[in-house]
Amino acid sequence: MSNAMPIPFSTTIHVRDTCLCLHVQRAARALARRFDNALKPLGLNNGQFSLMMALNRPQPAPMGPVAEVLAMDRTTLTAAVKVLERRGLVETLPHPDDRRSRLMRLTPEGTALLSQALPIWERVHGELDGELGPSMAPLRQTLATVR
């Protein structure tokens, strides 16, 4: 049996209205849905687009830096890469200096699909910039400082 005191409903309302984490999560889900819907005809979601864009670089990428850019742990990144590998969009290679490590890169098919996805991302992003106006730049700067 618990001796915890009941929390007043007014506290629930206060948390609902002021919780930064809740508001950011709600906004992130709404943005994710919007990009997911736009990318759906290509069979991609926003997370896959972001991962593929993170791999769009001149040299194959090690897991660590990609995980850092995407704010993911390596286990989650590995699972996401496997989905794209099965589709032939990404490949992993042994690291030439450390056989225990893997490098990742887009396949030609992945690059082609990313080229199709980019105009969709640009369109949706442009719509959001138009809807949200000049508040976007300071919001991006502020969010970039959260660690």
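1. Start at the surface: L20, V24, L139, L143 and V146 make a nonpolar patch of about 460 Å². Helices α2 (20–39) and α7 (136–144) are the elements that give two or more residues to this patch. A patch here takes residues with over 30% relative accessible area and no salt bridge, with nonpolar side chains joined within 5 Å; areas come from the Shrake-Rupley method with a 1.4 Å probe.

2. Before going on, note that this is a predicted model, where local features need pLDDT of at least 70, side-chain atom pairs count only at pLDDT 80 or more, and totals for chains, interfaces and linings use all residues. Residues are numbered from 1 along each chain, and side-chain values use heavy atoms, leaving out hydrogens and water.

3. V146, one of the patch residues, is found in the segment after α7. V146 counts as exposed because its relative accessible area is 55% (exposed is over 50%, buried under 20%).

4. Now have a look at Q48, in helix α3 (residues 46–54). Is Q48 buried or exposed? Q48 is buried, with a relative accessible area of 15%. Leaving aside residues up to four places away in sequence, Q48 touches G43, V83, L84 and R87 (contact means heavy atoms within 4.5 Å).

5. Q48 has company: the buried residues of α3 also include F49, L51, M52 and A54. What do they pack against? Their partners are α2, α4 (63–70), α5 (74–86), β3 (102–106) and α6 (108–132).

6. Finally, check the N-terminal end of α3, which N45 caps: a side-chain oxygen of N45 lies 3.0 Å from the backbone nitrogen of G47.

Definitions and conventions: Patch = residues over 30% accessible without salt bridge, like charges linked within 9 Å, V, L, I, M, F, W, Y side chains within 5 Å. Salt bridge = Lys/Arg side-chain N within 4 Å of Asp/Glu carboxyl O. Helix = DSSP H or I, 4+ residues; strand = E, 2+ residues; numbered from the N terminus. Buried < 20%, exposed > 50% of the residue type's maximum accessible area, 1.4 Å probe, protein only. Polar contact = N/O pair within 3.5 Å; in protein donor to acceptor, adjacent residues only side chain to side chain.
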